[in-house]
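Please work through the following exercises with the sequence and the structure at hand, and try each task before reading its solution.

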Amino acid sequence: MDRDASISSTPLSTLESSPEAEYESRIANLDSTPVQCTTEHFSWRQLTDLSEKLPELQEQLGQISASCMGDCVALGTVRGLVIVADYLGRVKSMLGSPTSPYGAVSAVAFSVDHLALVAGYASGYVVVWDWAKGTTVSVSRPLQPGDGPGVAGHPADTAVTFVGFIGASKHRYVSSSAGGYVLYHHIVRRLLTTMSTVQLSSLDQTADILFEAAPLAYGGHACATDDLGLVAVLTSAHLTIIKTRHGVEQRYRQACQAPTLAGNSKKQRSFTKRPYAGCLSWLPALRHQRAATATDPATSHFTLPKLAYSWGSSIHVLALELDHKVAANGAPLDSSGSLAHLRFEAVSMWEAIEDVVYCRWIDTDVLFYMTRSQRMFVFEVGLRQETEICASPPGSIAGQPWVTLATGVEAEPSYAQAITVCRRRVFAVCGTSSVYTGRLLAWTERLEPLAEQSRHVDAITLATGFYQGRTGQIVVGLPRQSHGGSNAALEKRRHALVGSKLVELMRTALRQTFGDKHVGDSLLRALASVCVVACLATDNQPLLFGEVFERYMANPHRMRMYLETIEPFILSGDIARLPPQILNAMVDSYGATPQLVRRLGELLMNLRLSPGEFDIDRVLSSCRQHRLWRTFARVWLSMGDPVAPVISILAAAGSEDDLSSDSSVFVGDDGDDDDESPGIVIFDYLDMVIRGRRYPDGKSIKPQAVAEQYSTLVTELVMPP
């Protein structure tokens, strides 16, 4: 494998031994600069030091025409110069000369270790630079009129729109031009340094334009696919994947399929209209590691590469699969070591809101993309979930119209040289004098501003969604599972991460809200509601029936708010038991208001009432006082006495001789049929208990021996032997 012994940087931060600390130190003070634009999910910050230097640099060296961000910054200018600088705007190297024949810089890219830089130019040249020394490593010139058929190169005066190193190599790279040529370059170092150039593709009559060509990058962990030198080429007609090492060979080809709009089979999107749009991005092979915790051991797993590409508004994802047995790094275990069974499987397809003009993997299984109106989204492939994270940073991002200039075909500008995605950060050159960096906010960062702004209800609601995994949005920093998947271990980890934070948010909200003497009822009701939902989600009844209730019980009006908040959860069965203090408070509060008496009965019938858990005399007295006979019978039955409700209700209704003469026994006081009238309650009660059913829901009394005992006692009471 053509790879240096030590590699100091990698494209994503999810790798084993990622140099994240070193990378962050190179962009020192980045997160301490003022926030320019922040949404719920994303934060843009201007690279102030670098942006302040750009006007002076451009005045001296020419306007920026291409850029690439990584451990350092590469800026190409229209005068043919490449500036390598750090994020503080300090120039480290200046490559090229305004008098060279190369023309304007149209594309730049670093090698994986950031020691080499390849630049493409508007005249068709491709140059590899050792930027630290300021010297050229190789130069690929454009085609000349006298060149024979065996000479490979880009057409003269046609801009090179993409350059990129293959894998971890500094000697193998790919370039593509606006005219549709894709070239594979290999620098061979033996006694003399020579360069081999092979044309991988050129446009034919079935393809209108070349969108993008991209080699499979090195992911920081050795993989069997590294030896293939895979290159993806996307045109408006086909997606082609080509193997470049050990002989050039096409390994995959897919024709463009225009998607059909849902509900109308006659309407087509994608390329039935101009301008054209398309882009692609590789996710390299990665090793993912999770450190050991107090409850879980350390884990590590390996994923093979994926390719995302878009035609118009349709986003497709291909996964690389190996049919034979492989080692942990994807290397074949058979004796031949052949990768002949390499295949690509379509794993996901998504229809964006409008045509996609730029896409890159921003995280494992998370694709960042921008539409033609510069709206930015992330798409979680496994969950098939899309989240709009923001609009473009302050100031529009300028794309390059190289394809339209070269072919005359109306195509969307290319943004590959204006936007870079590196280690979960998005870098964008806006206008002519500003560079911004943006990143997705971690779940804790999304909660902090809500708490600081005293938006406690919103903070608790969002944290509860994080805990349950039901936000319907991108969430950074918490375990994710695939669409339709169920993983108890992931859920356990998510609960452990979010649970304590959610409790902290609730306690802070209660303390600050009730410390405000002017707080309104609407906020108190909303706070009670989200606290109940959060406590039930986390199964934290001590907090719900302890600290939360204590805050509300100090004032009768506020205590009523609390009781009315938990009422629907009692009726739905989410709350099955209440502590004696809250149950007695509910009986006193609801029983003191005639309009709430019936609701009190329904609530008591939906609660599990066991001896010793509540004040029996208070509940029964309230039922008798307000003629809640159904609840009265149900409470006695739950206490294990099936006979007492019959005797008590008959005694309260009058003597047995009065049953036939007093119609109020069978109907309510207003003359209408009433489920609470003593006669109806008695008949329904006897019917259910004699048949071994629980009153009033009719469910079987268990165990069977208890059901038979209750039936015998009630039968003997009404029909003595």
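**Exercise 1. Decide whether strand β25 is buried or exposed, residue by residue.**

Solution. The model is a predicted one, and the strand to examine, β25, covers residues 356–363. A residue counts as buried when its relative accessible area is under 20%. By that cut-off eight of the eight residues of β25 are buried, so the strand is largely enclosed by the rest of the structure.

**Exercise 2. Trace how β25 is joined to β26, and then work out the order of strands in the open sheet.**

Solution. Begin with the general rule that strands of a sheet pair through backbone hydrogen bonds, either parallel or antiparallel. Between β25 and β26 (residues 366–371) there are six bridges, and the two strands run antiparallel; one position to check is Cys359, whose bridge partner in β26 is Tyr369. Next, look at the connection: β25 and β26 make a hairpin with two residues between them, and Asp365, which lies in the turn, has a positive phi of about 70 degrees.

From β26, continue to β27 (residues 375–380), which is joined to β26 by five bridges, again with an antiparallel run. Here Leu367 has Phe379 of β27 as its bridge partner. Putting the steps together, the open sheet consists of four strands in the order β25-β26-β27-β28, with antiparallel pairing. Its edge strands are β25 and β28 (385–391), each of which pairs on one side only, and from one strand to the next the twist averages 25 degrees.

**Exercise 3. Examine the backbone at Asp157 and Asp539, and state where each residue lies.**

Solution. As background, most residues other than glycine have a negative phi, and most peptide bonds are trans. Asp157 has a positive phi, near 60 degrees, and is placed in the loop between β10 (135–140) and β11 (160–165). Since exposed means over 50% relative accessible area, Asp157 counts as exposed because its relative accessibility is 67%.

The steps for Asp539 follow in turn: its phi is near 55 degrees, also a positive value, and the residue is found in the loop between α7 (521–537) and α8 (541–553). With a relative accessible area of 61%, Asp539 is exposed.

**Exercise 4. Find which peptide bonds leading into Pro696 and Pro703 are cis or trans, and locate both prolines.**

Solution. Read omega for the bond that joins Tyr695 and Pro696: the value is about 5 degrees, and the bond is cis. Then read omega for the bond from Lys702 to Pro703, which is near 0 degrees, so that this bond too is cis. As to location, Pro696 sits in the loop between α15 (678–690) and α16, and Pro703 is likewise placed in the loop between α15 and α16.

**Exercise 5. Describe the second largest pocket by its volume, its lining and the helices that contribute to it.**

Solution. Start with the volume, which is about 690 Å³. The pocket is lined by 23 residues, and those closest to its centre are Leu607, Arg608, Arg634, Arg694 and Asp697. Sorting the lining by class gives ten nonpolar, six polar and seven charged residues. Finally, assign the lining to helices: α11 (597–606), α13 (629–638) and α16 (704–718) each supply at least two residues, while the largest share, three residues, comes from α13.

Methods. Residues numbered from 1 in each chain as written. Predicted model: local features only at pLDDT ≥ 70, side-chain atom pairs only at ≥ 80, totals over all residues. Heavy atoms only, no water. 1 Å grid on protein atoms, 1.4 Å probe; cavity = no way out; pocket = protein on both sides within 12 Å on 5 of 7 lines; lining within 4 Å. Points joined across faces, edges and corners; volume = space filled by probe spheres on them. Nonpolar A, V, L, I, M, F, W, Y, C, P; charged D, E, K, R; others polar. Buried < 20%, exposed > 50% of the residue type's maximum accessible area, 1.4 Å probe, protein only. Pairing = 2+ DSSP bridges. Axes fitted to C-alpha atoms, helices over the stretch in contact; angles between N-to-C directions.
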